[in-house]
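Student: Could you take me closely through the side-chain contacts of this model, with the aromatic pairs and the charged pairs as the part to look at? I would like one connected account that I can follow with the structure open.

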Amino acid sequence: MTFSHAITRRPGKEMVAGITTSTLGPPDYTKALDQFDAYVNTLNHCGLSVTVLDPLEGYPDAHFVEDAAVVTPDVAVITNPGATSRKGEVPSIAAALQHIRKTVWVQPPGTIDGGDVLMVGRHFFIGLSERTNEQGARQLGEAVTGFGCTWTPVPVAAGLHFKSSVNSVSEDTLLLTRDFADHPALAGFHRIVISPQEAYAGNTLRVNGRLIMPAGFPDTRQKLQAMGRPIIELDVSEFRKMDGGLTCLSLRF
């Protein structure tokens, strides 16, 4: 899939109060802004026109815009985030998308985070996690099935979201952690398995023929270089401290 646009949101000073399980310490706000600007510049370099939304006061995790919607070529599915403190992020993302795609809203008791949704071609893998339940996955699946797509639910036993551990690096190749290396739902793909020491590199982003990966994971980079794709490394240390990564920071379409 070729992307032409992205929606992002600049982190607010409240980001230090966001949800995290990390033990890496609080993020440095000034450094986070520098990393965010580098991320936006990289998307521009990859050919995307990037909309940067203002920080959303009262919602310290709102810069992780990917969780609030799933944007497909046919429809934008507006999510119902699994964390109660993040539900208020949704209306502003829906407003940004309403003139771009037809929108469908996930209704309670269904919950779903966009970080649990991986689209490969016309197929969707939907992670069942602490943030995404079976009702939410089913509503998303039904929404995309109406446009000729297929979907598979995948239980997430490790990591915050499915895409914390599994991402597409080509139409037939997945980059994944050992927790998912032998999962039967992924058996039809070539799989590049990441060492446990570099598990964070599983959140690598494919954009228009390029692979954007977190900096500091040489073994994973070496494995990806064998694909012959251009690789861009970005420092996202401050977002890692808040359980976030490269895919979380934008909606691409």
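Tutor: A residue is called buried here when its relative accessible area is under 20%, exposed when that area is over 50%, and partly exposed in between. By that definition Tyr 200 is buried, and Phe 217 is buried as well. Please keep in mind throughout that the model is predicted.

These two residues make a good starting point. The ring centres of Tyr 200 and Phe 217 lie 6.0 Å apart with the planes at 40 degrees, and the pair is therefore described as tilted, since planes under 30 degrees apart would count as stacked and those over 60 as edge-to-face. Tyr 200 belongs to the loop between strand E11 (190-194) and strand E12 (205-207), while Phe 217 belongs to the loop between strand E13 (210-214) and helix H4 (218-225), so the pair ties together parts that are 17 residues apart in sequence. Tyr 200 also has a charged neighbour, for Arg 240 lies over the face of its ring, at 4.6 Å from the ring centre.

Across the whole structure, a search finds four aromatic pairs. Another of them joins Phe 64 and Phe 239, which meet edge-to-face, with 6.3 Å from centre to centre and 75 degrees between the planes. This pair links distant parts of the chain, 175 residues apart, with Phe 64 in the loop between strand E2 (49-53) and strand E3 (69-71) and Phe 239 in helix H5 (residues 237-240). Phe 64 and Phe 239 are both buried.

Helix H5 leads on to the charged pairs, of which a search of the whole structure finds twelve that are salt bridges. Glu 238 and Lys 31 meet through their side chains in a salt bridge, at 3.9 Å from N to O, a distance that falls inside the cut-off of 4 Å. Because Glu 238 lies in helix H5 and Lys 31 in helix H1, this pair ties together parts that are 207 residues apart in sequence. The two partners differ in their surroundings: Glu 238 is buried, with a relative accessible area of 1%, whereas Lys 31 is partly exposed at 38%. The contact belongs to a network of salt bridges that links Lys 31, Glu 238 and Lys 241.

The loop between E2 and E3, where Phe 64 was found, takes part in a salt bridge too. Glu 66 pairs with Lys 163, and their closest N and O atoms are 2.7 Å apart. Glu 66 lies in that loop between E2 and E3, and Lys 163 in the loop between E8 and strand E9 (166-170), so the bridge ties together parts that are 97 residues apart in sequence. Here Glu 66 counts as buried, at 4% relative accessibility, and Lys 163 is buried with a relative accessible area of 7%.

Helix H1 offers one further salt bridge, in which Asp 37 pairs with Arg 10 and the closest N and O atoms are 3.0 Å apart. Since Asp 37 lies in helix H1 (residues 29-45) and Arg 10 in the loop between strand E1 (5-9) and H1, the pair ties together parts that are 27 residues apart in sequence. Asp 37, at 30% relative accessibility, counts as partly exposed, and Arg 10 is partly exposed with a relative accessible area of 29%.

Note on methods:
Residues are numbered from 1 along each chain as its sequence is written. This is a predicted model: local features need pLDDT of at least 70, side-chain atom pairs count only at pLDDT 80 or more; totals for chains, interfaces and linings use all residues. Side-chain values use heavy atoms; hydrogens and water are left out. Rings of Phe, Tyr and Trp (its six-membered ring) pair if their centres lie within 6.5 Å; planes under 30 degrees apart count as stacked, over 60 as edge-to-face and the rest as tilted. Helices (H or I, at least four residues) and strands (E, at least two) are DSSP runs, numbered from the N terminus. Buried means under 20% relative accessible area, exposed over 50%, partly exposed in between (1.4 Å probe, protein chains only). A charge sits over a ring if NZ of Lys or CZ of Arg is within 6 Å of the ring centre and within 35 degrees of the ring normal.
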